[in-house]
Amino acid sequence: MGILTNLILDYWLYGVTIAFGYILAILLYDTKNDKNRAGVAKNDETDERYAFPDSTSDAKDKEEADGGLNLENADTRVDHEAGKEHIPFTIERLSKAEMTRRSQEFYQEMNKRRSVRFFSDEPFPQEVMDNIIRTGGTSPSGAHTQPWTYVVVKSPEIKKEIREIIEEEEEVNYRRRMGDKWVQDLACIGTDWNKPYLEIAPYLVIVLKQSYGIAPDGSRLVHYYNEISTSISVGLVLAAIQEAGLVTLTSTPLNAGPRLRKLLNRPINEKVMLLLPVGYPAPDATVPALKRKPLEEFMTAI
Ligand SMILES: Cc1cc2nc3c(=O)[nH]c(=O)nc-3n(C[C@H](O)[C@H](O)[C@H](O)COP(=O)(O)O)c2cc1C
């Protein structure tokens, strides 16, 4: 007892100092987290503002700038249940001749794809549209988060509203926001802010990326590489459109994203990336006479 009393008397100052330091560390840590939380809330408020020329250049939106890997502001949970079980996997083995033939045919079909800006209003079956979007759903995605939403619009009223929003924003884009160089670069393609095809094409597909997921308890889930994953998914959709004998125009509704998201009643974690009108080309459709780079110019074999 005497030894313990002596120890306390000799070292009480050290004990008090350590306890004080511990309390200070906790206080400092909490303040830093509050600041981070405030940052998240602020991002939520500014989420709607798409920076010009595109949303990825918005330094405020770190989640996009780092390819969706914002682990700081998001909950790092992913669905670990999916993929726990492994199942056998095999593919059909093709002869060398057969794989050569098929790869050549596929390339030739894809090489016929063009961005078309003149559409026919001739309808095609909804089932075809469903299969095209289904194909997009086969895409790989970061940690299998499948961070895409496809809104397929058939309603003439909604198509009209979409056209109004896009033409309004595009006129400002062309007149004020894009600058001379950009407008000149687009001159050869022959585009301007008038987009009648938005009402003519039987379907408009609006592609949104889910910047993050929302868990049932309302917390955020990380959607790794959400923009890259959605872009790959869209690539498959473009191929499926071509394969179905239809055409589309890969278009970016610049600065119209937030208004479109609201019109389509999509949640705040989704951002409009692309708009794809889908249908048959108009009988008198034309496309710019563009040339594609030969393989040697964009592939090196080592
Ligand atoms: C990411 C991306 C955005 C595009 N945005 C537009 C657009 O907003 N408006 C448009 O008329 N074309 C747009 N295009 C289509 C390109 O102009 C077209 O792909 C390019 O001129 C090559 O023509 P092709 O698709 O017929 O091969 C876009 C294409 C891509 C890949």
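Student: Is strand 2 enclosed by the rest of the structure or open to the outside?
Tutor: Let's count its residues in this predicted model. In strand 2, 8 of the 8 residues are buried. The strand is therefore, for the most part, largely enclosed by the rest of the structure.

Student: Which residues of strand 2 point one way, and which the other way?
Tutor: A general pattern helps here: side chains in a regular strand alternate between the two faces of the sheet. Tyr203, Val205, Val207 and Lys209 point one way from strand 2, and every one of them is buried. Pointing the other way, and also buried, are Leu204, Ile206, Leu208 and Gln210.

Student: What is the order of the strands in the open sheet?
Tutor: Good thing to look for! The sheet has 4 strands with antiparallel pairing. Strand 1 (148–153) and strand 5 (247–248) each pair on one side only, which makes them the edge strands. Reading across the sheet, the order is 1-2-6-5.

Student: How many bridges join strand 2 to strand 6?
Tutor: Strand 2 covers residues 203–210 and strand 6 covers residues 270–279, and the two run antiparallel. You can find examples yourself: tyrosine 203 has valine 278 as its bridge partner, and leucine 204 stands opposite proline 277. The number of bridges joining these strands is 8.

Student: And how many bridges join strand 1 to strand 2?
Tutor: These strands run antiparallel too. Valine 152 stands opposite valine 205, while valine 153 stands opposite leucine 204. Strand 1 is mostly covered, with 5 of its 6 residues buried. The count of bridges between strand 1 and strand 2 is 6.

Student: At about what angle to strand 2 does helix 8 run?
Tutor: Find helix 8 at residues 226–243. This helix lies across strand 1, strand 2, strand 5 and strand 6. Its angle to strand 2 is about 155 degrees.

Student: Which residues have the most contacts inside the largest nonpolar core?
Tutor: That core has 35 residues. Several elements each supply at least two of them, including helix 4 (126–136), helix 5 (156–177), strand 2 and strand 6. Valine 278 touches, among others, Tyr203, Val205 and Ile241. Those with the most contacts inside the core are Leu204, Val205, Ile206, Val207 and Val278.

Student: Why does glutamate 168 count as partly exposed?
Tutor: Glutamate 168 sits in helix 5. Its C-alpha atom is separated by 9.2 Å from that of asparagine 194, although the two are 26 residues apart along the chain. A residue needs 20 or more neighbours to be buried, and 12 or fewer to be exposed. Glutamate 168 counts as partly exposed because its number of C-beta neighbours inside 10 Å is 14.

Student: How many residues of the shell around the ligand are nonpolar, polar and charged?
Tutor: First, list the residues that surround the ligand: Arg114, Ser115, Arg117, Ile189, Thr191, Leu249, Thr250, Ser251, Thr252, Val287 and Leu290. Sorting this shell by type gives 4 nonpolar, 5 polar and 2 charged.

Student: Stepping back, what percentage of the residues in the protein are buried?
Tutor: The whole protein contains 10 helices and 6 strands. Of its 302 residues, the buried ones make up 25%.

Key. Residues are numbered from 1 along each chain as its sequence is written. This is a predicted model: local features need pLDDT of at least 70, side-chain atom pairs count only at pLDDT 80 or more; totals for chains, interfaces and linings use all residues. A residue is near a molecule or strand if its C-beta atom, placed from the backbone, lies within 6 Å of it. Ala, Val, Leu, Ile, Met, Phe, Trp, Tyr, Cys and Pro count as nonpolar, Asp, Glu, Lys and Arg as charged, and the others, Gly among them, as polar. Two strands pair if DSSP finds at least two bridges between them. Two residues are in contact if their C-beta atoms, placed from the backbone, lie within 7 Å. Axes are lines fitted to C-alpha atoms, for helices over the stretch in contact, and angles run from 0 to 180 degrees between N-to-C directions. A nonpolar core is a set of buried Ala, Val, Leu, Ile, Met, Phe, Trp, Tyr and Cys residues joined through C-beta atoms within 7 Å. Lists of a residue's contacts leave out its neighbours within four places in sequence.
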